Amino acid sequence: MTGGRPGWFVTIDGPSGVGKSTTVQTLHDHLAARGRPARRTLEPTGSDLGQFTRSHANQIHGLALACLVAANRYEHIDTEIEPALQAGQLIISDRYLPSTLVLQQLDGVPLDFLLTLNRHVLLPDLAVILTADPSLIAQRIATRGITHRWHLDPTGPSREVDLYADAASHLLAMGVEVLLLDTSNATPSDVARRIADAIPALPLASNASPTRPTPPGNMSGQPAQPVIDTHVILRDGDKILFSQRGGPYGHGRWHMPSGKLDHGEPLTDGAARELLEETGITVDPAHLRLVHVVHHRQNTQVERIGFFFEATTWEGIPVNKEPDKCLALEWFTVHDLPNDIIEYPQAGLLGYLNDTGTLAEHNWK
Ligand SMILES: Nc1ncnc2c1ncn2[C@@H]1O[C@H](COP(=O)(O)OP(=O)(O)OP(=O)(O)O)[C@@H](O)[C@H]1O
Ligand SMILES: Cc1cn([C@H]2C[C@H](O)[C@@H](COP(=O)(O)O)O2)c(=O)[nH]c1=O
């Protein structure tokens, strides 16, 4: 069971013509032979909206196609994916969010719009991204035949290969487990075996006992494996330093300097390190005061524990040291905070400012 849902959700994406449909079919058969039946699905789906989207994807472009595909995805989640997961099934989707991050970007749609549009989609337990040498992909398309406009551009395979590698990074940043598989020298059976090996041997509905006890609430009965984050509330009188995110998660929104704790690292050292890496500000770990803790449920698979430290004694002038990840660093007074603070760090900040105790449990209801 994954974080609170009994089934398992696998998505298969990759450049047009790389072998997604072949892989899904082979994986399905392979799993069945291992006694682990899976349910296949695809995007666009077979619903009226999905069929309309598929049959018009050559004529409709850009933002309009991005919206159609996203609407069909939300419908897909509501009508098929979520019910299958709740029923404890293993569900495998031929195309999902990564296809949007690639094809709609090729269509000129900005990444931040796509991430916002798809902000509420259910994240997979395992996102498989197939890739291959672009010249081999072109050969596979030539052998199989052209079926839509994405196959027409001779530079398409190499552009898609690069964009899918970026999509894999975005998914990883969202906390999704990603399997990037180079199929250049692998048969469909090899590929299917590699994916099947990455799917944990869970009791799935079709072979699970109907009387299997269900743990209460969201509990999985498995030990939690939270990501540990440190956040630094850097104070200059009544001002606090904020950072505007540039990456895919929370793009354009504000939070305090923060980051994941490294293995073997004390919390205050991790917080001081992240502050230095992101802003150039030096703080003695001994001068970091723990002011709040947030246990945050990011999605059904990822939970995080964030430790919020206040720093009132520090050295340096804030400089944006990670311009690829951060759009801006800015001071805001506590009386005029930024409007768009990411909810999870906001829970820690408000807990600290409003003195509401030391712990917030965020996004669990
Ligand atoms: N691992 C592989 N090795 C060699 N050829 C493959 C492999 N996987 C698929 N193929 C071949 O590549 C061609 C394209 O495969 P397929 O139709 O599954 O791709 P697709 O990614 O689903 O395509 P599209 O993006 O157009 O939907 C087919 O002829 C298929 O037999
Ligand atoms: C999921 C998804 C699909 N599309 C478009 C791309 C193609 O025109 C069809 C999919 O057809 P295929 O047989 O699976 O290759 O839908 C898209 O533009 N964006 C998406 O996210």
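**A chat about a predicted model**

Me: Let's start with D355: is it buried or exposed?
Reply: D355 is exposed, because just 10 other C-beta atoms lie within 10 Å, and 12 or fewer is the cut-off for calling a residue exposed. Please keep in mind that this is a predicted model.

Me: Where is D355 found?
Reply: D355 is found in the loop that lies between α10, residues 343-353, and β13. Its phi is positive, at about 55°, although D355 is not a glycine.

Me: Why would a positive phi be worth a remark?
Reply: Because most residues other than glycine have a negative phi.

Me: And what is the phi of N363?
Reply: The phi of N363 is near 70°, which is again a positive value in a residue other than glycine. N363 sits in the segment after β13, and it is partly exposed, with 16 other C-beta atoms within 10 Å.

Me: Which way do the side chains along β13 point?
Reply: In β13, residues 359-362, the side chains alternate, so to speak, between two faces: A360 and H362 point to one face and are buried, whereas L359 and E361 point to the other and are not buried.

Me: What strand is joined to β13, and by how many bridges?
Reply: Strand β10, residues 288-297, runs parallel to β13 and is joined to it by 4 bridges. Within that pair, H362 of β13 has H296 standing opposite.

Me: Changing topic, which residues have the most contacts inside the largest nonpolar core?
Reply: They are V10, I91, I92 and V128, in a core that has 50 residues. The largest share of this core comes from α3, which gives 7 residues. There is also a second, separate core of 22 residues, and W254, A271, L275 and V283 are among its members.

Me: What does I92 touch?
Reply: Leaving out residues up to four places away in sequence, I92 touches V10, I12, V24, L27, H28, A38 and R40.

Me: Now the ligands. Which residues come nearest to ligand 1?
Reply: Of the 16 residues around ligand 1, those that come nearest are G19, S21, T22, R140 and R144. The helices α1 (20-33), α6 (134-144) and α8 (188-198) each supply at least two residues of this shell, and by class the shell divides into 4 nonpolar, 9 polar and 3 charged residues.

Me: How many residues surround ligand 2, and which are closest?
Reply: Ligand 2 is surrounded by 15 residues, of which E43, A57, R95, S99 and T100 are the closest. Helices α3 (62-86) and α4 (97-106) each supply at least two residues of that shell, and α4 gives the most, with 4 residues. The classes here are 6 nonpolar, 6 polar and 3 charged.

Me: What kind of peptide bond joins E43 and P44?
Reply: The peptide bond between E43 and P44 is cis, with omega at about -10°, and P44 is found in the loop between β2 (39-42) and α2 (48-56). As a general point, most peptide bonds are trans. E43 was also named above as one of the closest residues to ligand 2.

Me: Last one: how many helices and strands are there in the protein?
Reply: The protein has 10 helices and 13 strands. It has 365 residues, 38% of which count as buried, and among the contacts with a separation of 6 or more, 77% are between residues 24 or more positions apart.

Terms used:
Residues numbered from 1 in each chain as written. Chains lettered and ligands numbered in written order. Predicted model: local features only at pLDDT ≥ 70, side-chain atom pairs only at ≥ 80, totals over all residues. Near = placed C-beta within 6 Å. Nonpolar A, V, L, I, M, F, W, Y, C, P; charged D, E, K, R; others polar. Buried ≥ 20, exposed ≤ 12 C-beta atoms within 10 Å, placed from the backbone. Contact = placed C-beta atoms within 7 Å. Pairing = 2+ DSSP bridges. Core = buried A, V, L, I, M, F, W, Y, C linked by C-beta atoms within 7 Å.
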